[in-house]
Amino acid sequence: MTEWNDRRRLLVRGGRTALIGRQAERDNLGGLIAAVRSGQGRALVVRGEAGVGKTALLEHLVETASGFQTLRVVGVQSEMELAFAGLHQLCVSLLGGVDALPPPQRSALRTAFGLSEGPPPDRFLVGLAVLSLLSEAAGDRHLLCVVDDQHWLDEASAQALGFVARRLAADSVGLVFGTRMSGPELEGLPELPVVGLPDIEARQLLDATLPGPVDERVRNQIVAESRGNPLALLELPHSLTPEEMAGGFGLASASTVPERIEKSFGRQLRGLPADTRRLLQLAASDPLGDAPLTFRAAAYVGIPQQAAAAAVKAGLADFGVRIRFRHPLLRSTVYRSISADDRPVLHDALVRAMGSAADPERRAWHRAQAADGPDEEIAMELERSADHARARGGLAAAAAFWHKAVLLSENPVQRADRILSAAQTNLEAGAFKTALGLLANAEAGPLDEIRSARVDLLRGHISFASGMGPEAPRLLLNAARRLQPLDRDLARDTFLTAWMAAVFSAGRTVGTDLAEISRSAREMLEPTDPATTADQVLDALTLLVTDGPAVAAPSLRAVNDAFTGPGIGPAEELALGWFAQGAASALFDLRAWREMLVRQVQVAREAGALDRLPILLGSLGAVTAWQGDFATAAGLLVESDAVCQATGTQIAPFIAMMLAAQQGDPDEGLPLIEAVAEQCRAVGQGVAEAWANWNGAILNNGLGRHDRAFELATAAAQESPGMYPSLFTLSELVEAAVRIGAPEAAHAALTTLARSTQAGATDFGLGLEDRCRALLASGPDAEHLYLRALERMGRTETRTELARTHLLYGEWLSREGRRIDARTQLRVAQGLMSTLGMAAFAERARRELLALGDRARPRPKPAADVLTGQEALIARLAADGRTNPEIAAQLFISARTVEWHLHKVYMKLGINSRREVASAIAGQRT
């Protein structure tokens, strides 16, 4: 017995069991601490089943992080519906630094935490604000953030912390999560799996727990049943009678470890006095562990404060400022032990203890739990709480309040409205399956026409948002038709969305097409006087489809003028800007298109509209690459990737494809373009498939593979004739068709192209048209057309197409036998293309020059590419005068990480300060 007690004293320290074994896990955690001490940010997910020892490892981590600041939060199951509750607990000690954040981050965080009113903050801006807070706090002393039971965090907090974890770089911050499972918020982060203890260590822990020697068969059975789970080893002995401990009678091996643990907790609860058990039930009913509130509520149901003593003595809970249960499973077990009759009583006591002024969301939730049936007053309070949660950016929390409000609704009409609001909120939160389930629920009850039309509208939006699928245009068109006599403005907006959904689906739409949507909008919507901006945009786009570019040109130009002029505010830019781009592209007005995109990207950045920003960056980067500014396009690609990585957005790699096409990279470009086309074909994203085929045609024309270019250009042109990439690819189709001897196809493509270029009357469009006509002409007519194309292209900013026009003219001159003139044009073409980085086209010019006897050689690639894409972008932004916090906000990293990248830029470029960056990269802007 003495030996037994000595072993127990060695393993039990400070009132708790010491960590046994786990050397590999300790080494992993030690590596994290060492990395953070050296100035590197680190994130880690400690994953394992309930009771396996995650919390013990986190405690060990905190103990070994000497000299660190430590912030901690524990997820609580009953707190999951309170938006940003976990994040607020973690950051509460840092809120004094909020005012030093950049304004968009400051506003987002203050709104999320309920410290100020404002528009709903984007959750990624909230995450960026938290990253900035943690980074600044770590500037004074290394920082360790420990998040236990992450799987029970509210969704808004989980998303924000997952965002932060992915962006730690040059920040002395360690962020460690303990969780049972790795959800999407933690996907891709480094993991430390935690499994049960080996048998030897499991026996050591069990020996430290048992009150004395027991039958060896019982020890073996407990170790076997526990599968090395430390909490099971600690708790299972409490669930055994002395008889069972002596001989093993009654041991059941069929139960899972958590079930056995919960049975053990249940048995310990039943051994407590009734008042103590009820006090614990009351404490488990409040998510924040607010001890003063719990004791005030206890007084309402006749529980004396001294009832806590027995729970403390049994080691089941601590009663300080906050009530802490020994284990989250214990909290869950306690809450589930409340009878159906007693649960409303306890929640009502908490409501009475809170009063009417404190924490309206939390109070509404307790009132809902206390309700024993439908209650319209509580449903209305939940509705207000949903609106408040939404205003703070907690879409998941808002959805939960709407769900509860639906259950408590007495009035069928209000119930239907709440179901639709819940569906809308789930749509915005990306919970598409839940939203569809709610719509099915709404349809099961009586709906009037306006609510039935809203169901159709939401189905269409879900279809569009969940993958831009082929069903969305039909669903949205049906909704627009039904809404037209009920709500004209909503019908108009729905027609616009249906139009764009049809463009995205292109030839893959099911049940309707772009022409039918455009005709319906024109027939059903009476014009307004004066017309709103939205009406003008819809009128121009639908007229383009129904009557063609020549008729629509004045209306399209009016949209261009509006969205490149001073009269459009940020709200209209965000709501209508991506529709307005269609007017510029239809007229081949690349100047207006790029100007629109630059403005819209800036507005989206400033507003934190991260749902829209990736597609805007993709469009701007692709247009920029098309015009030949590859360095800027590469920077936009880095930013687009940063936004997509931060938000989980998946879009086609428009910039990467255009860069690969223009730069003529067959090894990487061709596989990329073919893979994107195949993926988009599979999901019905016709516009992205057409874009991929267009870029593939450019690349193959550059490589001289005109037969393949012809196939791809033909496929792209057929997707959505006269629109977006289907329109742009026509010049590639003409060139490829001429080269492979298919003049009929070339003439047909030219006829379609000319309808838009003539209507637009821009130098760029008319220059393309002249070049295509020159390819099909001969003699003086061809030369006249080439020269006019060069004159027109020379007045534009599109260097790539100017260079290609010189190349085609030079090739024509060579075939005409005019060797000296041909060399002149081909040298200009090769020079421009080499300077821009158009390798495939430059090689095509070089080969032609060699055939003419010219000693043309490839121009060496500039050595500027020592910088990574992110370093190059940061260098350019710094050269443009952006501050580190401004660059950090744009790229979703911390200001310290920006400084870290800049130091690497200095070393690579051989400079010493920020002042020298602009001159050092001046030659790299081609």
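**Exercise 1. Contacts and overall make-up**

Task: For the protein chain in this predicted model, state what share of the contacts with a separation of 6 or more comes from residues 24 or more positions apart, and then describe the chain's secondary structure and its burial.

Solution: Among the contacts in the protein chain with a separation of 6 or more, 68% are accounted for by residues 24 or more positions apart. The secondary structure of the chain comprises 48 helices and nine strands. Of its 926 residues, 56% are buried, while the area that the chain exposes is about 37,000 Å², with carbon and sulfur atoms supplying 52% of it.

**Exercise 2. Confidence**

Task: Give the mean pLDDT of the protein chain and the percentage of its residues that reach 70 or more, and then examine residues 1-16 and residues 246-255.

Solution: The mean pLDDT is 84, and 90% of the residues reach 70 or more. Over residues 1-16, however, the pLDDT is below 50, and this stretch has 21 contacts in the model beyond near neighbours in sequence. Residues 246-255 also have a pLDDT below 50, and here the model shows 18 contacts beyond near neighbours in sequence.

**Exercise 3. Two residues with positive phi**

Task: Locate Asp 149 and Ala 761, and decide for each whether the residue is buried, partly exposed or exposed.

Solution: Begin with Asp 149, which is not a glycine and yet has a positive phi of about 50°. Asp 149 sits in the loop that runs between strand S5 (143-148) and helix H7 (155-166). Its relative accessible area is 5%, and because buried means under 20%, Asp 149 is classed as buried.

Continue with Ala 761, likewise not a glycine, whose positive phi is about 55°. The loop that holds Ala 761 lies between helix H39 (743-760) and helix H40 (763-776). With a relative accessible area of 47%, which falls between the cut-offs of 20% and 50%, Ala 761 is therefore partly exposed.

**Exercise 4. The largest cavity**

Task: Determine how many cavities of 30 Å³ or more the whole structure holds, and characterise the lining of the largest cavity by residue, element and class.

Solution: The search finds three cavities of 30 Å³ or more, and the largest cavity has a volume of about 260 Å³. Its lining consists of 16 residues, and those nearest its centre are Phe 504, Gln 581, Ile 615, Ser 619 and Tyr 724. Two or more lining residues come from each of helix H25 (488-505), helix H29 (570-586), helix H31 (613-626), helix H35 (686-703) and helix H37 (724-728), with H31 giving the most, namely five residues. Sorted by class, the lining of the largest cavity has 13 nonpolar residues, three polar residues and no charged residues.

Terms used: Residues are numbered from 1 along each chain as its sequence is written. This is a predicted model: local features need pLDDT of at least 70, side-chain atom pairs count only at pLDDT 80 or more; totals for chains, interfaces and linings use all residues. Side-chain values use heavy atoms; hydrogens and water are left out. Helices (H or I, at least four residues) and strands (E, at least two) are DSSP runs, numbered from the N terminus. Buried means under 20% relative accessible area, exposed over 50%, partly exposed in between (1.4 Å probe, protein chains only). Contact means heavy atoms within 4.5 Å. Accessible areas come from the Shrake-Rupley method with a 1.4 Å probe; for residues, only the protein chains shown count as cover. pLDDT is the predictor's confidence in each residue, from 0 to 100. On a 1 Å grid over the protein atoms alone, a cavity is a set of points where a 1.4 Å probe fits but cannot get out, and a pocket is an open set with protein on both sides within 12 Å along at least five of seven lines; lining residues have an atom within 4 Å of a point. Grid points are joined across faces, edges and corners, and a volume is the space filled by probe spheres set on the points. Ala, Val, Leu, Ile, Met, Phe, Trp, Tyr, Cys and Pro count as nonpolar, Asp, Glu, Lys and Arg as charged, and the others, Gly among them, as polar.
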